[in-house]
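Got your viewer open? Here is a short tour of helix contacts and empty spaces, one selection at a time.

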Amino acid sequence: MRGAVYAWALVVAGLLLSASSFNLKLEDVTCSAVELNDANKGLNDVLSRLTSRSNFFSIFKVDLLKECPFWPDDGMCTSKDSCGVECCGDDDIPVAWRADGEEGCVECKDDPKIDTRVNDEGLFSFQATDNDVWTIQDDEKDMIYVDLRTNPESYTGYRGDSARKAWTAIYEENCFSFAKNCQGGICDSESCKEERVLFKPISGIHTSITMSIVKEFVTKDDGSLDLDMYLKRVGYFEERKANLYFLLALLTRAVAKSVDTLAEFEYSTGDATNDAETAMILQELWEHPSFKPGCLKTFDETDMFQGLPDLKDEFRRHFRNISSIMDCVGCEKCKLWGKLEFLGLGTALKLLFDGSPELQRNEIIALFQTLKKTSDSVTLVETFEYAVSEEKAGEAKKTEDTKKTEAVKETLLIANEFALPVFASALVALLTTITALLLQRQPFTPKKQVSTVPKANGSMRRRTE
């Protein structure tokens, strides 16, 4: 009995893990994780086609040589093959975007190094001339074009002090007056919504980047999913998964709120055929339920910065400061995608909190690429969580079967030990029962007695009594 209860408990635990994974407890959003998963299934397909087929949404302009404004770092990439960026040649730049004097490409240094020194002085305050921007735009003369399709986000081997220093600065060294209750994307019960909305999407980007690494090692040699890597990096941490879903909710809401503005933008590259395909996919995107009025609303931005006129400026200023740390990343490919994703998040915040702002081409590209990367990560998390729940259920069934087998063995052992006495007793009982039945079916009938009596004439005659 105890074994059956234990096995059933394992099954329930597996089901609970599945439920908690697919229905994470989300805060500061207006939908559930299940609703986000359901909406994301169709959304991910459209975004995948948009970012893979459209030249407009695939070619990004960026300055990869921009110096870190916070600490000295003379490194670029650890390996030219793994973290170097292949840039567009002049012929690869869309005709409609070309301008005289623009560079097509930049290469890694011949002897790349990473600065692993930790600056004990920490960050210095960022001085911005334009307080209305969410991210500092790169200088046009230093920017080059990169085709994101030939430079996908992937594992580069970039790690160590240089990588840790950037994330430490983001999470711990760049706090401001109201952000005192969030550490690493985890906020306590006393934190205000503005604090949580600042740190959760940043943690979500961190989780999304981690999932891009997990994706590189998605299967073992036997073809099964590498659940250990996923669990150790993401799966065991509910807040990391929740913050990834929060990021998806926030980005989705930003697009949904601004569909009319985004639909009016001129998505032109000079390639009529490709531009027509882009327009067709975009129309399908605008029709997705996530972006239709009256359908799924994922985030409510209307209750933020209420009665605190200076709070939004401070929020914007420090997000801008955080996003600038991406220039301190010592890996070209990591820097490329880090700058793109923080620009995408900054564009989403701009759309949510600045009314109907004017958008630049690079901001729109970054917004949809970031939404697509987040959508990919959520899809991958759902896949892994399902695999985890299946493995748990399989382990529970295996445990239950093992306990049943052990119970049978124990029964046979007991039977073998007491077989003869039990058999003898059963045999005696059986024989007794058979005898009783036979006696009941054949009762004893006595024979009639015959005697002789003398006749009157002296002879004998037979009398039956």
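For the stops where helices touch, contact means heavy atoms within 4.5 Å. Keep in mind throughout that you are looking at a predicted model.

**Stop 1: α2 and α9**

Select residues 33-53 for α2 and residues 272-286 for α9. Which residues of α2 meet α9? On the α2 side, pick out Leu43, Val46, Leu47, Arg49, Leu50 and Arg53. Facing them in α9 are Asn274, Glu277, Thr278, Ile281, Leu282, Glu284 and Leu285. Colour this contact by class and you get 7 nonpolar, 2 polar and 4 charged residues.

Now look along the axes: those of α2 and α9 come within 10 Å and cross at roughly 165°. Angles over 145 degrees count as roughly antiparallel, and that makes α2 roughly antiparallel to α9. The crossing of α2 with α9 is left-handed.

**Stop 2: the largest cavity**

Stay with α2 and turn to the enclosed spaces. The count of cavities of 30 Å³ or more is 2, and the largest cavity holds about 40 Å³ of space. Select its lining: Leu36, Ala39, Asn40, Leu43, Leu248, Thr252, Ser290, Leu296 and Thr298. You'll recognise Leu43, which is also one of the α2 residues that meet α9.

Which elements give two or more residues to this lining? They are α2 and α7, and α2 gives the most, with 4 residues. Sorted by class, the lining of the largest cavity has 5 nonpolar residues, 4 polar and no charged.

**Stop 3: α7 and α11**

Follow α7 (residues 238-257) across to α11 (residues 332-353). Their axes come within 9 Å and cross at roughly 55°, so the two helices are oblique to each other. The crossing of α7 and α11 is left-handed.

To see what touches, show Leu247, Leu250, Leu251, Arg253, Ala254 and Lys257 on α7. Then add Gly344, Leu345, Ala348, Leu349, Leu351 and Leu352 on α11. By class, this contact of α7 with α11 has 9 nonpolar, 1 polar and 2 charged residues.

**Stop 4: α5 and α6**

Next, select 193-216 for α5 and 227-235 for α6. The axes of α5 and α6 come within 10 Å, crossing at roughly 170°, which makes α5 roughly antiparallel to α6. Show Thr207, Thr210, Met211 and Val214 in α5; they meet Met229, Tyr230, Arg233 and Val234 in α6. The contact of α5 with α6 is made up of 5 nonpolar, 2 polar and 1 charged residues.

**Stop 5: the largest pocket**

Keep α5 on screen for the last stop. How much volume does the largest pocket have? About 940 Å³. To find the middle of this pocket, centre on Trp167, His206, Ile209, Thr210 and Ile213, the closest to its centre of the 33 lining residues. Thr210 was also at the previous stop, where it is among the α5 residues that meet α6.

Which helices should you highlight around the largest pocket? α4 (161-173), α5, α6, α7 and α11 each supply at least two residues of the lining, and α5 gives the most, with 7 residues. Colour the pocket lining by class to finish: 14 nonpolar, 11 polar and 8 charged residues.

Notes:
Residues numbered from 1 in each chain as written. Predicted model: local features only at pLDDT ≥ 70, side-chain atom pairs only at ≥ 80, totals over all residues. Heavy atoms only, no water. Axes fitted to C-alpha atoms, helices over the stretch in contact; angles between N-to-C directions. Parallel < 35°, antiparallel > 145°, perpendicular 65-115°, else oblique. Left-handed = near helix turned anticlockwise from the far one by under 90°. Nonpolar A, V, L, I, M, F, W, Y, C, P; charged D, E, K, R; others polar. 1 Å grid on protein atoms, 1.4 Å probe; cavity = no way out; pocket = protein on both sides within 12 Å on 5 of 7 lines; lining within 4 Å. Points joined across faces, edges and corners; volume = space filled by probe spheres on them.
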